[in-house]
Amino acid sequence: MSDALLTTRLGLPNRRSGKVRDLYDVRLADGTEALLIVATDRISAFDVVMANGLPGKGIVLTAISKFWFDLFADEVPNHLISTDPADVPGLDASERQLLAGRMMLCRRTDVLPIECIARGYLTGSGWKDYQQTGAVCGIPLPKGLVNGDRLAEPLFTPSTKAASGHDENISFAAGAEIVGLAHMTWLRDTTLRLYAGARDYALTRGIIIADTKFEFGLL
């Protein structure tokens, strides 16, 4: 098995490196400002990046992301331009080979600073919250639920999108104060619609998607 790719050093302007992905600024031939997102094999947990990596992880992440972008492309436009290294200007042959299967060339967007979380099952932090309060993120639930129960209706439990540190759960109203009521309503409705579609699709493959998180931006 090949070594894990822990970092990239491309001959492009580096925007930043996150816990898993490296981001580079790209100018396309038509002058469009784009973003190159490279999924490395770094492993992180609770905002800590581990010293070791998992070979091929970034390739799997990219394939999963592209699958869902393609599946829902007719419902919600996305930022993806290409996953082909040949479409990225300014790279040499070795860099293109390095990025094969693990890159996304994307449109630049203005990020809406809300983490859009959908919960379809009572598990994880939601289960802990329910045990203590009978609610999940302030949303009351029926009594007598057990760990892993499927909820009658998926919940929208947004959080802040922190530039550093941990995100914090917020109410719908608090989110509306940040991005406006119209945007927050669209975020809630779109999150729940996409989650329901993904959950139902995955079930036909024998997979349960207990919860998920979306992030959105404006072109």
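Two strands count as paired when DSSP finds at least two bridges between them. Keep that in mind for the opening stop of this tour, and remember throughout that you are looking at a predicted model.

**Stop 1: the hairpins**

Select residues 14–17, strand E1, together with residues 21–27, strand E2; the two run antiparallel and are joined by three bridges. Pick Asn 14 and look across to E2, where Tyr 24 stands opposite. Three residues separate E1 from E2 in this hairpin.

Now add strand E3, residues 33–39. E2 and E3 are also antiparallel, with seven bridges between them. One of the partnerships to display is Arg 27 with Glu 33 in E3. This hairpin has five residues between its strands, and in its turn you will find Gly 31, with a positive phi of about 90 degrees.

**Stop 2: Thr 40**

Follow E3 to its end and select Thr 40, in the loop that leads to strand E4 (42–45). Is Thr 40 buried or exposed? Its relative accessible area is 0%, so Thr 40 is buried. Show the side chain of Thr 40 and the backbone nitrogen of Arg 42: a polar atom of that side chain lies 3.2 Å from the nitrogen. Then display what surrounds Thr 40 from further along the sequence: beyond four places away, its contacts are Leu 5, Leu 6, Val 20, Asp 22, Lys 57, Gly 58 and Arg 102.

**Stop 3: aromatic rings**

Seven aromatic pairs turn up across the whole structure. Start with Phe 67 and Tyr 201, whose ring centres are 5.6 Å apart; their planes make an angle of 50 degrees, so this pair is tilted. Phe 67 belongs to helix H1 (residues 57–71) and Tyr 201 to helix H5, so the pair ties together parts 134 residues apart in sequence. Colour by accessibility and both rings' residues come up as partly exposed, Phe 67 at 34% and Tyr 201 at 26%.

Next, select Trp 68 and Phe 72. With centres 6.0 Å apart and planes at 10 degrees, these rings are stacked. Trp 68 is partly exposed at 25% relative accessible area, whereas Phe 72, at 11%, counts as buried. Show Phe 67, Trp 68, Phe 72 and Tyr 201 together, and you have one aromatic cluster.

**Stop 4: the largest nonpolar core**

Which residues have the most contacts inside the largest nonpolar core? Select Ile 114, Cys 116, Met 184, Leu 187 and Phe 216, from a core of 20 residues. Strand E9 (114–121), helix H4 (172–179) and helix H5 (181–203) each supply at least two of its residues. H5 gives the most, with six.

Centre the view on Phe 216. Apart from neighbours within four places in sequence, Phe 216 touches Val 111, Leu 112, Cys 116, Trp 186, Leu 187, Thr 190, Thr 191 and Leu 194. For a second, separate core of 13 residues, select Leu 12, Val 88, Leu 99 and Met 103, which are among its members.

**Stop 5: one face of H4**

Finish with H4, whose buried residues are Gly 175, Ala 176 and Val 179. Turn the view to look down the helix axis: these buried residues fall within an arc of 105 degrees, so they line one face of H4. Bring back E9 and H5, which are among the elements covering them. Just after H4 comes Gly 180, with a positive phi near 95 degrees.

Note on methods:
Residues are numbered from 1 along each chain as its sequence is written. This is a predicted model: local features need pLDDT of at least 70, side-chain atom pairs count only at pLDDT 80 or more; totals for chains, interfaces and linings use all residues. Side-chain values use heavy atoms; hydrogens and water are left out. A nonpolar core is a set of buried Ala, Val, Leu, Ile, Met, Phe, Trp, Tyr and Cys residues joined through side-chain atoms within 4.5 Å. Buried means under 20% relative accessible area, exposed over 50%, partly exposed in between (1.4 Å probe, protein chains only). Helices (H or I, at least four residues) and strands (E, at least two) are DSSP runs, numbered from the N terminus. Contact means heavy atoms within 4.5 Å. Rings of Phe, Tyr and Trp (its six-membered ring) pair if their centres lie within 6.5 Å; planes under 30 degrees apart count as stacked, over 60 as edge-to-face and the rest as tilted. A polar contact is a pair of N or O atoms within 3.5 Å; within protein, one must be able to donate a hydrogen and the other to accept it, and residues adjacent in sequence count only if both atoms are side-chain atoms. The arc is that of the directions from the helix axis to the C-beta atoms.
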